[in-house]
Amino acid sequence: SARAQAGDILLLNNYMQWSLFDYYRPANVEAKLAPTESLMSDATTDKAMTELVTGKTRAWLVDFGYAAQYDPDHRAERWLAQHGYKQFAQDFAGLRVSQYVLGAPAGQSAPARPIEARLGKNIALIGYTLESETARAGASVRLTLFWQANAPIAARYTVFAHLVDSTGKPIAQVDSQPLGGTAPTDAWQVGPLIVDRYAIPLPPNVPPGQYEIRVGLYTWPDLSRLPVTLNGQSAGDYVPLAQVRVTP
């Protein structure tokens, strides 16, 4: 309720909990049910989710209970990850809440800014697209990463996307497994691109100035980061991307 903004939609992804959910949900956010019958194929999911979020700027997805019963292929989450930028996720007892900034451009098949970065032995970051090099305090920095597996990957890694100040201190961040968690790294096929979007939320009180985007991969729960090779040279444990100017 405190985080709600105009243009938000709250989606429940479990029809069996609708009555309880509808009773307790925040009254200041419109809420709808993602029908289970619409989650049985990509085509039906696309049609239903498009209708549910039309005219909205952000979507909150509540996965309540045992997802394998009503959305075994995680189609609702994957659709939001393909059509929006992941900004927030948090686990609670028996449920998970995720938030996406909607409006991602369709058909992004290549990065606007190619790079040559390797994380560990088998993962390449071939480039990224940054929606804008400026952002207002309280808004978000929208970033698309283009990953590729060069060989089978044995572990599941979490992506971090940080905005850091001149001292390297993170002032905003978003962490998630790729594609909202629907494309874990140990399931990647060798060759195809993984188009992975994030909205880094800026605090309302962040001072104006220049900040750097840094991204990388780590394992959970030990937080061990993969080493980075950039343009053939060892580059620590993160990939430095663009500079972003934050305005009031």
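This briefing describes the nonpolar cores, the salt bridges and one surface patch of the structure shown above. The structure is a predicted model, in which local features need pLDDT of at least 70 and side-chain atom pairs count only at pLDDT 80 or more, while totals for chains, interfaces and linings use all residues. Residues are numbered from 1 along each chain as its sequence is written, and side-chain values use heavy atoms, with hydrogens and water left out.

**Nonpolar cores**

- The largest nonpolar core (a set of buried Ala, Val, Leu, Ile, Met, Phe, Trp, Tyr and Cys residues joined through side-chain atoms within 4.5 Å) has 54 residues, and those with the most contacts inside it are Leu145, Trp147, Leu163 and Ile213.
- Here "buried" means under 20% relative accessible area, "exposed" means over 50%, and "partly exposed" covers what lies in between, using a 1.4 Å probe and protein chains only.
- Leu163 is in contact (heavy atoms within 4.5 Å) with residues that include Val141, Ile171, Ile200, Leu202, Ile213, Val244 and Val246, when residues up to four places away in sequence are not counted.
- Apart from the largest core lies another core, of 10 residues, among them Leu10, Phe21, Val29 and Phe88.
- In soluble globular proteins, nonpolar side chains tend to be buried together.

**Salt bridges**

- The count comes to 15 salt bridges, each being a side-chain nitrogen of Lys or Arg within 4 Å of a carboxyl oxygen of Asp or Glu.
- Asp22 forms a salt bridge with Arg25, where the closest N and O atoms are 2.8 Å apart; Asp22 is partly exposed at 33% relative accessible area, and Arg25 is partly exposed at 25%.
- Lys32 pairs with Glu30 in a salt bridge whose closest N and O atoms are 3.8 Å apart, with Lys32 partly exposed at 26% and Glu30 partly exposed at 35%.
- The side chains of Glu131 and Arg142 meet in a salt bridge at 3.6 Å, N to O.
- Glu131 lies in the loop between β7 (123-130) and β8 (134-136), whereas Arg142 lies in strand β9 (residues 140-149), so the pair ties together parts that are 11 residues apart in sequence; strands are DSSP runs of E with at least two residues, and helices are runs of H or I with at least four, numbered from the N terminus.
- Asp42, Asp73, Arg75 and Arg78 are linked in a network of salt bridges.

**Surface patch**

- Leu20, Tyr23 and Tyr24 make a nonpolar surface patch of about 420 Å²; patches consist of residues with over 30% relative accessible area and no salt bridge, with nonpolar side chains (Val, Leu, Ile, Met, Phe, Trp, Tyr) joined within 5 Å and like charges within 9 Å.
- Tyr23 is found in helix α1 (residues 18-24) and is exposed, with a relative accessible area of 66%.

Terms used:
Accessible areas come from the Shrake-Rupley method with a 1.4 Å probe; for residues, only the protein chains shown count as cover.
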